[in-house]
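The exercises below are to be worked with the sequence and the coordinates side by side. Each task is followed by a solution that goes step by step.

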Amino acid sequence: MVTKGVLGGASLVKEKGEDGGTILLGPGLELPQPLDPGHSPEPPQQGQPSQEARNLEASLGLLRALVAGGLGQIVLCPGSRSGPLAVAAALLEGPSLQLVTALDERSAAFFALGWGRASGQPAAVITTSGTAVANLLPAVVEADFGGIPLLLITADRPVQLKGCGANQTVNQEAFLAANVRWLAQVPADGRAEGLAGLLPEAAFALASQALGACRGSADHPPGPVHLNVALAEPLHANAQSLLVAAGALQPDLLRAPAQAKPAGPAPSVVEPVGLLGLDPDQPGIVVAGPWRGLPQHWQGYVAALRRWVERTGWVLVADCLSGLRGLEGLEPVAAYDLFLDCPRPSLDGGQVLRLGPLPASRRLQRWLECCEGHQVLVSEGDPRGLDPLGRVCQQVPMGLEAWVHQLPEVLWRQPPAQESLNYTGLWSQLEAQGQQLLDRELGPGFSEPALARQLSRLLPPGVAVVLANSSPVRDWETFADAAGPPRPMVAFRGASGIDGTLSLACGVAEALGQAVLITGDLALLHDSHGWLWRQQLKGRLTVVLLNNNGGGIFEQLPIRIEPGHVMDFERLFAMPQAVDAIALAAAFGVPGRRPQQVADLGPDLAWALQQPMALIELITDRRLDASRRHELRRMGQAFGSPA
């Protein structure tokens, strides 16, 4: 029986095996005829390779096929069942394949996720069986909803050992199933010899399909893929036998093959969709949400946006994660969160072109929800619904560059309409007032809004900034200087969790060479194992900790009750932790500084940026900062509201 379903946004085929088990396959991968579930590996005939030697040979074959397809990064976690894969990865390590190791599977998966976001290519995480696989789930969820390529290779017992009480044997094939683009049981027929029976041509077919599903296509966004690999015992040869087995391999197997040039989603024929009901000769607004396209598509996206804005004269509202602020030739509105609480009716331009997911600003979201005009959404290869407001008339996943390219050439011969320029001038006037307000009210200081503005100016151009979820990303959106230097902006807003924050930033730094993480204290503490990456990290990472002694985001919600005995806000929501962040980082060998005066911030940042990994801790007051944010928005509402 074959039925089609959807897992993590990708079509899968569910085929009922003869043993009654369900095997999940991607489109086009055929199942060999299953063997008797009670079948056990035949003892090797005289002169034939042993089971352990075949495990290693098959592991080399699978990883070589993945490297040939463009895999360049493996994150290896400890374990016995995954031993043949670990040895194979070490043998193939070299110019074409980087290998790092991680004690904690959750941290490993988030490191690989950060690497994938920054590079646009999947990193592979190799784990042993059992609960090790469960620890991958948080990163897999973010990879799914954030559209980030990620490959999970998990070692498992052969199917004959499932459901009979075998040690460290669980239903791990189901742990990630709801959030992967593709799940493959290897081998698909459940033969007792496991991976050892995988033929070379099957390994290349498997690798090609796995990497293709990771990178996405015209119909599916990039995302996580799970290869659940059965390995039969005996797993490990003794040292002498292992050397003999490795030496018996053909010399070329011990060298990584030349990599195929990594590709993004396969190109497809773009069917013209026209203007989607938008009128370029009438006023309008472009709302650019967080950038979720692949890095290799960024320049084309920016060029297409410039062309559209220059032709139409439309307003450009740019989320801080759009990466558009500070770019030459674009003059985005960034202070919208200040003046859209009670906006002037004249700000409603009628038609809206939305790019990608929604920005984090609740005020902008409410304004979009109330706009009565035509709204269109263009996403970068993601066909899944991205309109929680329910206001989009049409969503197309073809990407902005392809959409602009398919428009008729005659469109670009006209100048922008004067009415559109007048409308954009109104937004520009409010933007100027908003930035002047922030310049006046946010002088040097250690409040979180002021620090967002100072850091946006102090941090060097071109160095990626990773914003932790909760307060840091929201403060940067509202209070950062829109005229600050351009830089890659990275955050993980697919599921918007705080887990894995430090490991994610380490992955970004590894891929790009350098990064700065701006985080709160609870998010950093939640991933304190991430400091272990200091021992292997090749890129530089500077961590700027805004320590407000608890969950500062909750201070911005109307849930604190006085007197405190009615409800203990600190215990139930803020949850302050008595941890010395500088001492904790030092325990992992990471140096840190805690500036005592505003004048120390610049020199301390300059010092930290030169270290392989360093911590700058800034002490803030979450209750005062919550009041400060409220007051700034009240001031912004005064000039943004109707006179």
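**Exercise 1: the surroundings of a glycine**

Leaving aside neighbours within four places in sequence, G539 is in contact with A509, E510, G513 and P612. The model is a predicted one. Task: determine where G539 is found and whether G539 is buried or exposed.

Solution. Begin with the chain path, where G539 is found in the loop between α16 (521–526) and β18 (540–547). Next take one of the contact partners, A509, which lies 30 residues from G539 along the chain, while the C-alpha atoms of the two are separated by 5.0 Å. Finally, consider the relative accessible area of G539, which is 3%; because buried means under 20%, G539 counts as buried.

**Exercise 2: two packed helices**

Task: classify the orientation of helix α1 (residues 51–68) and helix α6 (residues 200–215), and state the handedness of their crossing.

Solution. The axes of α1 and α6 are 8 Å apart and the helices pack at an angle of about 45°. Angles under 35 degrees would count as roughly parallel and 65 to 115 as roughly perpendicular, so α1 and α6 are oblique to each other. Their crossing is right-handed, and the contact is made by residues including G61, L62 and A65 of α1 and A203, F204 and L206 of α6.

**Exercise 3: strands and a crossover**

Task: describe how strand β4 (residues 73–76) is joined to strand β5 (residues 98–101).

Solution. The two strands run parallel and are joined by four bridges, with Q73 standing opposite Q98 in β5. Adding helix α2 (residues 83–92) then completes the description, since β4, α2 and β5 make a right-handed β-α-β unit.

Terms used: Residues numbered from 1 in each chain as written. Predicted model: local features only at pLDDT ≥ 70, side-chain atom pairs only at ≥ 80, totals over all residues. Heavy atoms only, no water. Pairing = 2+ DSSP bridges. Right-handed = clockwise from strand over helix to strand, strands pointing away. Buried < 20%, exposed > 50% of the residue type's maximum accessible area, 1.4 Å probe, protein only. Contact = heavy atoms within 4.5 Å. Axes fitted to C-alpha atoms, helices over the stretch in contact; angles between N-to-C directions. Parallel < 35°, antiparallel > 145°, perpendicular 65-115°, else oblique. Left-handed = near helix turned anticlockwise from the far one by under 90°.
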